[in-house]
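Okay, thanks for making time, everyone. I'll put the structure up and then walk you through it.

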Amino acid sequence: NSFGVPMAPTSAGNNNSGYNPQEFENEPPLLEELGINIEHILLKTKAVVVPFKRFSGGQSLDPKIIVEDADLAGPTAFALLLGGELLLTGKIHFGYIYGFGVFGCLAMTLILNLMSPSQAVSVWTVASIL
């Protein structure tokens, strides 16, 4: 069996494992399938950078949704973007910055959980907001 050659069906009418172009056309986009919403990431970034402003234009984000959302796609994208920027400047030793960020997230989680013992705040939520 070589690559690029379609496999012959094992029985006369049973070809369940073959390629079906109609199934490929009905597939959702990759970002949607992975659960990554770019508009939500940008709106949440705006809400974190400018916390006192309400966003108009039909898009608003409830503060309760921001606190409950622990999606790390946006922070991961920003971390990779900043890491790539540091690599472009020729500085390979960017572990200190990210180590400081992880320590800050853990410390902030500890402080928030000590201030509110009745409701626990997860590390992922704090990292998503910071």
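So, reading along the sequence, what you get is α-α-α-α-α-α-α. That's seven helices and zero strands. Bear in mind that this is a predicted model.

How confident is the predictor, then? The mean pLDDT of the chain is 75, with 73% of the residues at 70 or more. If you go element by element, α6 comes out with the highest mean, 87, while helix α4, residues 63-68, has the lowest, 69. As a general caution, where pLDDT is low, the predicted coordinates should not be read in detail.

Next, the overall picture. The chain has 130 residues, and 13% of them count as buried. The exposed area is about 10800 Å², and 66% of that comes from carbon and sulfur atoms. On contacts: take the ones between residues at least 6 apart in sequence, and 40% of those join residues at least 24 apart.

Now the pocket. The largest one has a volume of about 810 Å³. It's lined by 28 residues, and the ones closest to the centre are Pro 75, Thr 76, Cys 105, Ala 127 and Leu 130. Which helices give at least two residues each to that lining? Those are α3 (38-49), α5 (73-88), α6 (95-115) and α7 (123-129). The biggest contributor is α6, with seven residues. By residue type, the lining splits into 18 nonpolar, seven polar and three charged.

Let me pick out three residues in those helices. Start with Gly 74, which sits in helix α5. Buried or exposed? Gly 74 has a relative accessibility of 5%, so it counts as buried; the cut-off there is under 20%. If you look across from Gly 74 to His 40, the two are 34 residues apart in sequence, and their C-alpha atoms are 9.0 Å apart in space.

Second one: Ser 128, over in helix α7. Ser 128 is buried as well, because its relative accessible area is 8%. And what does Ser 128 touch, once you leave out residues up to four places away in sequence? The list is Lys 44, Asp 69, Ala 70, Asp 71, Leu 72 and Pro 75. Pro 75 should ring a bell, since we just had it among the residues closest to the pocket centre.

Last one is Gly 104, in helix α6. Here the relative accessibility is 30%, so Gly 104 counts as partly exposed. From Gly 104 to Val 126 you go 22 residues along the sequence, and C-alpha to C-alpha the pair is 9.7 Å apart in space.

To wrap up: seven helices and zero strands, a largest pocket of about 810 Å³, and α6 giving the most to its lining. And α6 is also the element with the highest mean pLDDT. That's what I have, thanks.

Definitions and conventions
Residues numbered from 1 in each chain as written. Predicted model: local features only at pLDDT ≥ 70, side-chain atom pairs only at ≥ 80, totals over all residues. Heavy atoms only, no water. Helix = DSSP H or I, 4+ residues; strand = E, 2+ residues; numbered from the N terminus. Buried < 20%, exposed > 50% of the residue type's maximum accessible area, 1.4 Å probe, protein only. Contact = heavy atoms within 4.5 Å. Areas by Shrake-Rupley, 256 points an atom, 1.4 Å probe, with all protein chains shown as cover. 1 Å grid on protein atoms, 1.4 Å probe; cavity = no way out; pocket = protein on both sides within 12 Å on 5 of 7 lines; lining within 4 Å. Points joined across faces, edges and corners; volume = space filled by probe spheres on them. Nonpolar A, V, L, I, M, F, W, Y, C, P; charged D, E, K, R; others polar. pLDDT = per-residue confidence, 0-100.
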